Amino acid sequence: MLSDKTLLTQVLVNKAVHPLPGDWGQKAPNDEAWFSKDSPVQPSSIDLHVGYIYVPGTKGPCRMGGERNGHTSYELSPGHSVIVSTFERVTLSGQFGGLVFPPSRLSSKGILVANIGHIDPGHSGPLRFTIINMGARPVSFVREKDAVGTLMLFELDSESSRPLSTRFAGTGEKTRDEPNAEEIDALALYFAGIEERVREVALRQANRRVRNIAGGAFIVSLFVSVLLGYVGLMLTTGSSLAQKQFYLEEKLFDLSKENISLVNRLEQANRDIEDVRAKLNQNFSEIRGRADGRDRKLEADDLTEETSMPVTRTEN
Ligand SMILES: O=c1ccn([C@H]2C[C@H](O)[C@@H](COP(=O)(O)OP(=O)(O)OP(=O)(O)O)O2)c(=O)[nH]1
């Protein structure tokens, strides 16, 4: 593995990692700043920074976040995924290979980099990473400023007989570059489409309950049509409004949850009314029973009174 000094020579003399962010490219190799805490060159690795951010599902060739039009800064919402290319191009001769890892400060924010891997001898171009926000909060990425990978270089025991660049010769293809539309859209904006699925289940549940209890199909269809209208709107306006979309979707989600809670309360109120009705019926039958008993007693008393009265005869 190359140490900071050899790494620095590879970077500054052979342009193995180039360009460098900020004014690092203008510093002389013997500048002490290379060995400071903030240097992109660390004891045995070099930091790679955000280049462009590509957002899956971006419609239209001119939309920010799509092919050849990556964002230079982006706030990645929880559960969302993007492709990030590196600001630096990594150009290795046949004598060197590399390994790239996510910086641990990214992992502590809940960022998962899906494709850590190796860099072939002969590779030339930016690297790219598929990134998912598994954390609880949005995470911002800014071009040139935020580190997105940590690269280590290795010197091979002998030069590769066919470095990557020669294997591409005559194919008309290049080693890896910025992603095209097909590669960007192979990803889902939401990790495993999870938000979509959860929302569908919540809506289905709300729909069923409301229909059962209050014949509220109207409310649900209204809710669904608002949702569909909104999704349609988002499809036509593209995902440059992704954050706004996320916010509104959260709101729709909350509404759906509120709906379910209202339905639960309605169910409970129905059960309470049933209880009160049963109690009233019971009280009514008891009162009725008592009244009947009293009537019967009064009738019996009248009868006794009549039969015990002395009979007076009138004699002519
Ligand atoms: O996280 C990574 C790892 C590698 N690479 C670059 C450098 C590497 O030389 C090239 C190919 O990597 P790998 O051989 O791992 O991927 P593959 O799927 O086999 O690529 P390909 O089909 O282009 O050979 O992609 C990246 O951009 N990001």
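Okay, let's start with Lys27, which comes out as partly exposed at 21% relative accessibility. That label hangs on the cut-off, because buried means under 20% relative accessible area. Keep in mind that this is a predicted model, and every value I quote is computed from it.

So who does Lys27 talk to? Its side chain meets that of Asp23 in a salt bridge, 3.8 Å from N to O. Asp23 is also partly exposed, with a relative accessibility of 45%. If you search the whole structure, you get 7 salt bridges, and I'll walk you through two others.

One of them sits in helix 7, which covers residues 242-308. There, Arg277 pairs with Glu274, and the closest N and O atoms are 3.1 Å apart. The two residues are 3 apart in the sequence, about one turn of the helix. For accessibility, Arg277 has a relative accessible area of 46%, so partly exposed, and Glu274 gets that label too, at 44%.

The other one is Glu183 with Arg128, at 3.3 Å, N to O. This pair links distant parts of the chain: Glu183 belongs to helix 4, residues 181-185, Arg128 belongs to strand 9, and 55 residues separate them. Is each partner buried or partly exposed? Glu183 is partly exposed at 34%, while Arg128 counts as buried at 13%.

Hold on to Arg128, since it takes us to the ligand. A backbone N or O atom of Arg128 is 2.9 Å from a nitrogen atom of the ligand. Asp120 comes in with its side chain: one of its N or O atoms is 2.6 Å from a ligand oxygen. Then there's Asn115, where a polar backbone atom lies 2.3 Å from an oxygen atom of the ligand. How much of the ligand does the protein bury? On its own the ligand exposes 580 Å², and 64% of that gets buried by the protein.

Now the rest of the shell. Besides Asn115, Asp120 and Arg128, the residues around the ligand include Val100, Gly117, His118, Ile119 and His123. Leu127, Phe129, Leu164 and Arg176 are in the shell as well. Which elements give two or more residues to it? Those are strand 8, residues 117-119, and strand 9, residues 124-133. Split by class, the shell has 5 nonpolar, 4 polar and 3 charged residues.

Over to the surface for a moment. Leu99, Phe101 and Ile116 make a nonpolar patch of about 230 Å². Leu99 is part of strand 6, which runs over residues 96-101, and at 30% relative accessibility it counts as partly exposed.

Last stop is a loop residue, Thr58. Where is it? You'll find Thr58 in the loop between strand 3, residues 45-54, and strand 4, residues 73-76. Despite the loop position, Thr58 is buried, with a relative accessible area of 9%. A polar atom of its side chain is 2.6 Å from the backbone oxygen of Val55.

So, to wrap up with one residue to click on: Arg128. It is buried at 13%, its side chain meets Glu183 in a salt bridge, and its backbone has an N or O atom 2.9 Å from a ligand nitrogen. That's it from me, thanks.

Notes
Residues are numbered from 1 along each chain as its sequence is written. This is a predicted model: local features need pLDDT of at least 70, side-chain atom pairs count only at pLDDT 80 or more; totals for chains, interfaces and linings use all residues. Side-chain values use heavy atoms; hydrogens and water are left out. Patches are made of residues with over 30% relative accessible area and no salt bridge: like charges are joined within 9 Å, nonpolar side chains (Val, Leu, Ile, Met, Phe, Trp, Tyr) within 5 Å. Accessible areas come from the Shrake-Rupley method with a 1.4 Å probe; for residues, only the protein chains shown count as cover. A salt bridge is a side-chain nitrogen of Lys or Arg within 4 Å of a carboxyl oxygen of Asp or Glu. Helices (H or I, at least four residues) and strands (E, at least two) are DSSP runs, numbered from the N terminus. Buried means under 20% relative accessible area, exposed over 50%, partly exposed in between (1.4 Å probe, protein chains only). A residue is near a molecule or strand if one of its heavy atoms lies within 4 Å of it. A polar contact is a pair of N or O atoms within 3.5 Å; within protein, one must be able to donate a hydrogen and the other to accept it, and residues adjacent in sequence count only if both atoms are side-chain atoms. Ala, Val, Leu, Ile, Met, Phe, Trp, Tyr, Cys and Pro count as nonpolar, Asp, Glu, Lys and Arg as charged, and the others, Gly among them, as polar.
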